[in-house]
Amino acid sequence: MTDVDFETGPPERGRTGARHSSGNGPRRFAGTVANGPWPATIPLDEAATGTEEGGGEPNAPARRIPVAVSSFVGRGCEQAEVAAGLGDARLVTLTGAAGIGKTRLALAVAQSLQADYSEGAWLVRLEAIADPAWLCPTVASAFFLPEQAGRSCVQTLAERLSERHVLLVLDNCEHLIEACAELAAALLESCPHLSIMATSREPLGITGEQRYEVPPLAVPSAEAPAAPEQLGQCAAVQLFVQRAVATQPSFALTADNAPAVSEICRRLDGLPLALELAAARLDLLTPAQIARRLDERFALLAGGSRTAPARHRSLQAAMEWSYDLLSDAERVLLRRLSVFAEGATLDAVEEVCRGEGVEESEVLDLLGGLVAQSLVVAHTAGPEPRYRLLETTREFARQRLVEAGEAAPLERRHAAWCVGLVEEAEASLAGRSDQVAWLERLDTEHANLLDALAWSVGGGEAELGLRIAAGLVLFWRVRGRFGEGRDWLERLRAAAPDAPPGVRARALWGSGLLTAMLGDHETGKARADESLALASEAGDAVAVARALYLKGFSTTFADGPVAALPVLEDSAARAQQAGDTWCVAVAKGAAGRAHLFQGDPASARPVLEEALEVARAGGDLQGMENALLGLGWAGLATGDPEAGEARFRECLALAHQLGDRFLSAMALSFLGEIARNRGDQATAAACLEESLSLGRKVGSPLAPMKSLSSLGQLAHDEGDAQAASSLFDRAHSVASGAGLKVGVAPHVAGLGEAALAQGDAETAQGCFDEALTLARDSGESLAAARALRGLGELARLRGDVRQAGGCLHEAVTLQHEVGDSEAIAESLEAWARLEATRGAWAGAVRLLAAAEALRSAEGYERPRGRQDRCDADLAAAREALGTEGVEAAWAAGLDLSVDEAVAYVGRGRGPRAGRPATGWASLTPTEAQVADLAAEGLTNPEIGARLFVSRRTVQSHLANAYAKLGISSRRQLRDAAAGR
C-alpha cells in the first residue's frame with residue numbers, strides 16, 4: 001500500500017463532503033455507503049437477499065448486476081472481445097471518453113458471463129465516492145461484509161473472496177485511480193479465482209491488466225447516400241432511432257429525416273450519451289433542427305433521465321467530470337488542442353501549444369496523460385502518430401480556451417503553422433519526387449487548413465490566409481477541388497487587398513488556374529494578365545512564367561490553339577531560365593496539346609516527349625501524367641492505337657497514384673474511345689461511364705463533355721440514333737455552358753450525324769454547317785473534316801455529286817494530314833458510296849476494300865450500322881459487276897496503301913472530271929483556297945492555321961498552283977488573281 005490507508009476502516013456513516021474542484025488533493029465521501037447497520041457475516045451465496053439496486057432473490061447472486069431498463073444497441077463485437085479478454089486476463093479495464101458507453105458495455109458483458117462464475121457477477125458503482133479511503137469499505141458493503149476489529153478492510157474482503165469464483169465490476173474508477181489500482185492489485189494477488197472488470201477514463205496501470213479501448217458507435221459515412229434502409233444498419237443510427245421512439249413513439253427513419261439523423265450521428269462522434277440526449281430532444285425539435293443546433297450542443301444536450309448519475313444528465317456535466325480530474329497543465333494543453341481540427345502530429349502540437357504554462361519538453365508527457373485518460377485519441381496507423389479530440393471534447397475544450405482568453409493567439413499560431421506547412425508542401429508539389437506523400441499529408445491536414453483559412457478572414461489576418469491558399473493551388477488542382485480552391489482564393493484576395501505583390505500574383509495565378517479548370521477560360525485569361533503584371537512588378541521570374549502558362553492554357557480554349565502556342569512557348573522558355581521544371585513540363589505539355597487540337601500530331605509529339613523527359617528527370621508525377629495524356633492522344637491521332645493505349649494506361653496509373661480525378665477521367669475517356677474503335681462496347685461503356693462520374697465530381701466541363709460525346713458515338717455505332725442525339729446534345733450543353741470554343745465542334749457534328757441517321761436532313765445540314773464554322777474558328781482540323789464528311793453525305797443524298805466530291809476530298813485531305821486512320825477509313829467509305837451513286841462500282845469496291853484493310857491494320861472494327869451499309873453496297877456491286885468483278889476490285893483495293901487510297905480519291909474523279917490542265921480552273925479546291933489566301937497577303941503559317949494544314953502542305957499546294965498558273969512568285973500570284 002502507498003498513501004491510501006485501508007487499515008482505518010470506513011469513516012463515520014453519513015459523513016459528507018464536497019468534491020475538490022481542481023481534482024487534486026484528498027477527495028471526500030459524497031454520500032452514504034449503506035442505508036442501515038452493516039449486516040453480520042453472511043456467506044456469499046446467501047448475500048443475494050440484499051436490497052441494493054437491482055434487488056435480488058435467494059441463491060441468485062447474478063441479480064447483483066442490475067437488469068437493463070433500455071435496449072443495448074450494437075456492440076456485439078465489443079462484447080465478444082471484452083469477454084475473450086477476461087478469459088486471458090483476470091483484470092480488464094474498459095477505457096474511453098465521457099459518454100462513450102463503458103458502463104453499459106461492462107454491464108452487458110457481466111450479464112452474459114454470470115453463468116461462467118459460480119458466485120456470479122457483482123457491480124460496485126464508484127461515482128459517488130469522493131475520498132479514496134471509502135473505496136474498500138464501499139466494495140465490502142456490496143458484499144455485506146462488516147468491519148472486523150484489528151483487521152483491515154482489504155484483509156477482510158480478500159479473505160471472504162479468496163476461494164470464491166467471482167466477477168467484480170468496478171464502475172467509474174478514474175477519480176479514484178490510485179486507490180482502485182492498489183485495491184485491485186491486492187485482491188487479485190490474494191484471490192486466485194477472482195476476476196475484475198473496471199471502467200475508467202484511464203487504465204489502472206498494474207501488472208496483468210488488459211486494457212480495452214471502447215470505440216464510439218459506428219457512424220454513417222459523409223459520402224454515402226443517406227437512404228433509410230442503409231442508415232438503419234449503422235449502430236449509431238440504430239441507437240438514436242430506438243431512443244427517439246422512446247421519446248416520440250411515432251418517430252420513424254424516413255427519406256426526409258435520414259440526412260439530418262446521419263449528420264447528428266456523425267457530428268456527435270457516435271457517442272451513446274450524446275445520441276441519447278439528442279434523441280430526448282425530439283419531444284420539442286425535429287432532427288433537422290437538432291442538427292442545426294449542434295454548434296451549441298452543450299446547451300442543447302441536457303435534461304437526461306432523472307435517475308441517471310448527475311454527470312450523465314447533460315453532456316456538459318459529463319465533460320466537466322473529466323476536466324475536473326486533470327492537472328492544471330493538462331487542462332491548458334487540452335484546451336489548446338482545440339485549435340486543431342481532425343488532430344495533429346506531435347511536432348505540430350509542440351509548435352502551436354507550447355509556452356505560458358506548458359513547456360515544449362512537457363508536451364509529450366502531458367499528451368500521453370490526456371491519451372491515457374481518454375480525452376485525446378491517438379491514431380498510430382499512419383506515417384506518424386496523430387492526436388485528435390472527438391468533436392464533443394473539442395467543443396468543450398474550445399469553450400475553455402475562449403474563457404481563458406487564449407483563443408486569438410492560439411488561432412494565429414495555428415495559422416502560422418499552416419503557412420509553414422503549405423509552403424513546404426508547395427515546393428514538393430511543384431516538381432519533386434515526394435509529391436504523393438505531400439498530397440496525402442495535405443489530405444490529412446485538410447480540416448486544419450480550412451479552419452485556418454476561415455479564421456484568417458474573420459480574425460483580421462487575411463494575408464496569412466492568402467499565403468495558405470496560394471500554397472494550396474497544386475493540391476486543389478490535383479485533388480479536383482477546383483471550386484473550393486477558387487472560392488477561398490477569391491474571398492481572401494478581396495479580404496487582403498494590401499498583401500505584397502508577390503503573394504497577390506501567386507493567388508491570382510491560382511484562382512485563374514482553378515477557374516479555368518472549371519471551364520471559365522475568359523476569367524482565366526484575365527487572372528493571368530493581372531498575375532503577370534504583379535509578378536513583373538515583384539520581379540518574380542517563376543510567377544511570370546506560370547502566369548504565361550495560365551494565359552496560354554486558357555487561350556487554347558477561349559481563342560484557339562493558334563493564338564495560344566506562342567504564349568505557351570514563351571512560358572516554357574522563361575520557366576527554363578527560372579529553373580521551374582514544373583512549369584517547363586506543363587507548359588510544353590499544353591503546347592503539345594495545342595498542336596493536337598490543330599490536327600498536327602507530328603509537331604505535337606517532340607514537344608510532348610520533351611515535356612515527359614523534363615518531368616521524369618525531376619520526379620514530377622504531375623508533369624509526367626500531363627505529357628503522357630498528350631502522347632496517348634498523339635498516338636491515337638496518328639493511327640497507332642496500341643502506343644496510344646500504352647501511354648493512356650501509364651497516365652491513368654500515375655493519376656491513380658496521385659489521386660488526380662480529373663486526369664483519371666480524361667485518360668479513361670480516351671481508353672473508352674479506343675475500346676469503342678475495337679468493337680469492345682462493354683469496356684468502352686464502362687470506361688466512359690467511370691470517366692463521366694469522375695468528371696462530374698471535379699466540376700470541370702472537359703472530361704464530362706468528352707465522355708458524353710464518346711458515349712453518343714457509342715450509341716450511334718449501335719444504331720440508336722435517338723440516344724446518340726441526346727448524349728451529343730448533353731455534351732454540347734456542357735461545353736456551351738462553360739463558354740468553351742475548342743472541343744465543341746465534334747459534338748455538334750455528332751448531332752448532325754444522329755439527325756442524318758433519323759432522316760432529318762434539314763437539322764443535319766444546320767448542325768454540320770455550325771460544326772464547320774466552329775472548327776474553323778477554333779483551328780480543329782479533324783472536327784472540320786468530320787463536318788465536311790457529313791456535308792458531303794448530305795450533298796450526295798441530294799444528288800449533287802460535284803459538291804459531295806468536293807467536301808469529301810477536303811475531308812480526307814485534312815484527315816490524311818493528321819494521320820487519323822479511323823477517320824480516313826470512314827471518309828473512304830463515304831467516297832465509296834459516292835462512287836456507287838455515280839455507278840462507278842469498281843471504284844466503290846476498291847475504296848471499301850482499302851477502308852477494310854486500313855481498319856484491320858489498326859485493329860479497328862467497323863460499327864454495325866456502317867457494316868450493314870457496306871454489305872448493301874457490295875451486294876449492289878455484285879449485281880452490277882458480277883462476283884468475279886467484285887473480287888478483282890476488292891483485291892486491288894486491299895493492295896492500296898493509305899497514301900495510294902487517298903491519291904485514288906484525288907484523281908480526276910467526281911467534281912474534278914474534265915478539269916483543264918492549266919489556269920485557275922485547273923486548281924483543286926484546296927489549291928484554289930491556298931492561292932486566294934496567299935494572294936490576300938497571308939503567310940504560309942497563317943494559311944496553314946486558317947485551313948488546318950501544316951506549313952509543308954501549304955508550300956506543296958502553292959507549288960502546284962504556281963506550276964498550273966505558270967508563275968513563280970507571290971507578286972505574280974496577286975496579279976493573276978486580280979486579272980481573273
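This report describes selected strands, helices and aromatic contacts in a predicted model.

## Confidence

The protein has a mean pLDDT of 84, and 89% of its residues reach 70 or more. Two stretches stay under 50. One is residues 1-63, for which the model nevertheless has 123 contacts beyond four places in sequence. The other is residues 908-914, with 14 such contacts.

## Strand β4 and its partners

Strand β4 covers residues 194-200, and 7 of its 7 residues are buried, so the strand is largely enclosed by the rest of the structure. Leu 194, Ile 196, Ala 198 and Ser 200 point one way from β4, while Ser 195, Met 197 and Thr 199 point the other way. The residues on both sides are buried.

Strands of a sheet pair through backbone hydrogen bonds, either parallel or antiparallel. Strand β1 (residues 91-95) runs parallel to β4 and is joined to it by 5 bridges. Within this pairing, Leu 94 has Thr 199 of β4 as its bridge partner. Strand β3 (residues 166-171) also pairs with β4 in the parallel sense, over 5 bridges. Here Val 169 is matched with Met 197 of β4. The connection from β3 to β4 involves helix α5 (residues 177-190), and the three elements make a right-handed β-α-β unit.

## Helix α3

Helix α3 is another enclosed element: 8 of its 8 residues are buried, so the helix is largely enclosed by the rest of the structure. The buried residues are Leu 135, Cys 136, Pro 137, Thr 138, Val 139, Ala 140, Ser 141 and Ala 142. Their cover includes β2, α4, β3 and α5. Two of these elements, β3 and α5, also belong to the β-α-β unit with β4.

After α3 comes Phe 144, with a positive phi near 60°.

## Aromatic pairs

A pair of aromatic rings is described by the distance of the centres and the angle of the planes. The structure holds 13 aromatic pairs. One of them joins Trp 122 and Phe 143, which are 4.6 Å apart centre to centre with 40° between the planes, a tilted arrangement. This pair links distant parts of the chain, 21 residues apart: Trp 122 belongs to strand β2 (residues 121-125), and Phe 143 to the loop between α3 (135-142) and α4 (153-161). Trp 122 has a relative accessible area of 1% and is therefore buried. Phe 143 is likewise buried, with a relative accessible area of 1%.

Phe 240 and Phe 251 form an edge-to-face pair, because their planes stand at 80°, with the ring centres 6.3 Å apart. This pair also links distant parts of the chain, with Phe 240 in helix α7 (residues 235-247) and Phe 251 in the loop between α7 and α8 (258-267), 11 residues apart. Phe 240 and Phe 251 are both buried.

## Aromatic cluster and charges over rings

One aromatic cluster is formed by Trp 509, Tyr 549, Phe 553, Phe 557, Trp 582, Phe 597, Trp 633, Phe 648 and Phe 670. Phe 670, a member of this cluster, also has a charged group over its ring: the charged end of Lys 706 sits 4.0 Å from the ring centre. Elsewhere, Arg 331 lies over the face of Tyr 323, at 5.6 Å from the centre of the ring.

## The sheet of β6, β8 and β7

An open sheet is formed by 3 strands in the order β6-β8-β7, with antiparallel pairing. Its edge strands are β6 (344-345) and β7 (377-379), each pairing on one side only. Strand β8 (residues 386-388) runs antiparallel to β6, and 2 bridges join them. In β8, Tyr 387 stands opposite Ala 344.

## Lys 525

Lys 525 is found in helix α24, which spans residues 521-538. Is this lysine buried or exposed? Its relative accessibility is 17%, and the cut-off for buried is under 20%, so Lys 525 counts as buried. Beyond its neighbours within four places in sequence, Lys 525 is in contact with Lys 551, Ser 554, Thr 555, Ala 558 and Asp 559.

Methods
Residues are numbered from 1 along each chain as its sequence is written. This is a predicted model: local features need pLDDT of at least 70, side-chain atom pairs count only at pLDDT 80 or more; totals for chains, interfaces and linings use all residues. Side-chain values use heavy atoms; hydrogens and water are left out. Helices (H or I, at least four residues) and strands (E, at least two) are DSSP runs, numbered from the N terminus. Buried means under 20% relative accessible area, exposed over 50%, partly exposed in between (1.4 Å probe, protein chains only). Contact means heavy atoms within 4.5 Å. Two strands pair if DSSP finds at least two bridges between them. A crossover is right-handed if, with the strands pointing away from the viewer, the path from the first strand over the helix to the second runs clockwise. Rings of Phe, Tyr and Trp (its six-membered ring) pair if their centres lie within 6.5 Å; planes under 30 degrees apart count as stacked, over 60 as edge-to-face and the rest as tilted. A charge sits over a ring if NZ of Lys or CZ of Arg is within 6 Å of the ring centre and within 35 degrees of the ring normal. pLDDT is the predictor's confidence in each residue, from 0 to 100.
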